[in-house]
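Please look over the protein below. The report that follows starts with its overall build and then turns to single residues.

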Amino acid sequence: MKKVKKHLFLLTVALVLIGCWIWKNQDKQEQIKADELNISIDSEQKDIYVEDKYTFKVRMNEPIEGDTLYISFPQEYKIDSNEVIQMNEGFINDIEINNNLWKINLSKSLNLPFEIKFTGTVITSGKFQFSFFDEKKEKKSILLNVQDKKQPEQPEQPEQPEQPEQPEQPEQPILSDSINSFGTVPIPNFNWDKLNNDGLDLSTYTRVDTNTPVKLTGGGI
């Protein structure tokens, strides 16, 4: 009986310790939530590429200290303050800029919740942090993952039809020097012996280009 009571006592002590641990950690979780700025950031863009316009909305769910919102932008995010003021007319009074830290003075007559819009261009790829906080340094951050510029898809080239084989061209006879520079054809050499049926001695034959009378000698009548 004593052993049973001892075990029940130890079990009770263990349950009390577990309850204290849960209560203590719950307080820590609530403290973490209380230290985070009560805003939400939303963007319709899921995939962000270099040189894209990145537009997002900041939704204010509760009043912030001093009606002032501080935003720390990465250097790779180029944004025009005048454009932001025009986009949020009636919500933003003015913007003070110190390097990449913006001090945004909000209009005091705003009804919660409300949204303010931002738009800018990302000039390089990588992971970049945007941080938002108020005068009490309650903070909230988001991480933007920017990819390299998307390459346009190349259209598929149609297959080229096979060209029919060209018939071989007959070889042209190569003309030798048979035609001289003046365009005339020289007289070919001729074997006159083929016409010498009488067997005459033609060694003394002299070529002439004009008809010249020749006096014949021989036996007279």
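The protein has two helices and ten strands. Helices here are DSSP runs of H or I with at least four residues, strands are runs of E with at least two, and both are numbered from the N terminus. Along the chain the order is α-β-β-β-β-β-α-β-β-β-β-β.

This is a predicted model, where local features need pLDDT of at least 70, side-chain atom pairs count only at pLDDT 80 or more, and totals for chains, interfaces and linings use all residues. Residues are numbered from 1 along each chain as its sequence is written, and side-chain values use heavy atoms, with hydrogens and water left out.

**The sheet**

Four strands form an open sheet in the order β1-β3-β8-β5, and their pairing is antiparallel. Strands β1 (39–42) and β5 stand at the edges with a single partner strand each, so one side of each has no neighbour in the sheet. From one strand to the next, the twist averages 35°. Two strands count as paired if DSSP finds at least two bridges between them. Four bridges join β1 to β3. Among the partners, Ser 40 is bridged to Arg 59 in β3.

**The core**

Of the 221 residues, 21% are buried. Buried means under 20% relative accessible area, exposed means over 50%, and partly exposed lies in between (1.4 Å probe, protein chains only). The largest nonpolar core has 31 residues. Such a core is a set of buried Ala, Val, Leu, Ile, Met, Phe, Trp, Tyr and Cys residues joined through side-chain atoms within 4.5 Å. Those with the most contacts inside the core include Phe 56, Leu 69 and Leu 106. Contact means heavy atoms within 4.5 Å. Beyond its neighbours within four places in sequence, Leu 106 is in contact with residues including Met 60, Leu 69, Phe 91 and Ile 116.

**Unusual backbone spots**

Most residues other than glycine have a negative phi, and most peptide bonds are trans. Two residues here have a positive phi although neither is a glycine.

| Residue | Phi | Loop | Relative accessible area |
|---|---|---|---|
| Glu 51 | about 70° | between β2 (48–49) and β3 | 51%, exposed |
| Lys 137 | about 70° | between β9 and β10 | 60%, exposed |

A cis peptide bond joins Leu 112 and Pro 113, with omega of about -10°. Pro 113 lies in the loop between β7 and β8.

Notes
Axes fitted to C-alpha atoms, helices over the stretch in contact; angles between N-to-C directions.
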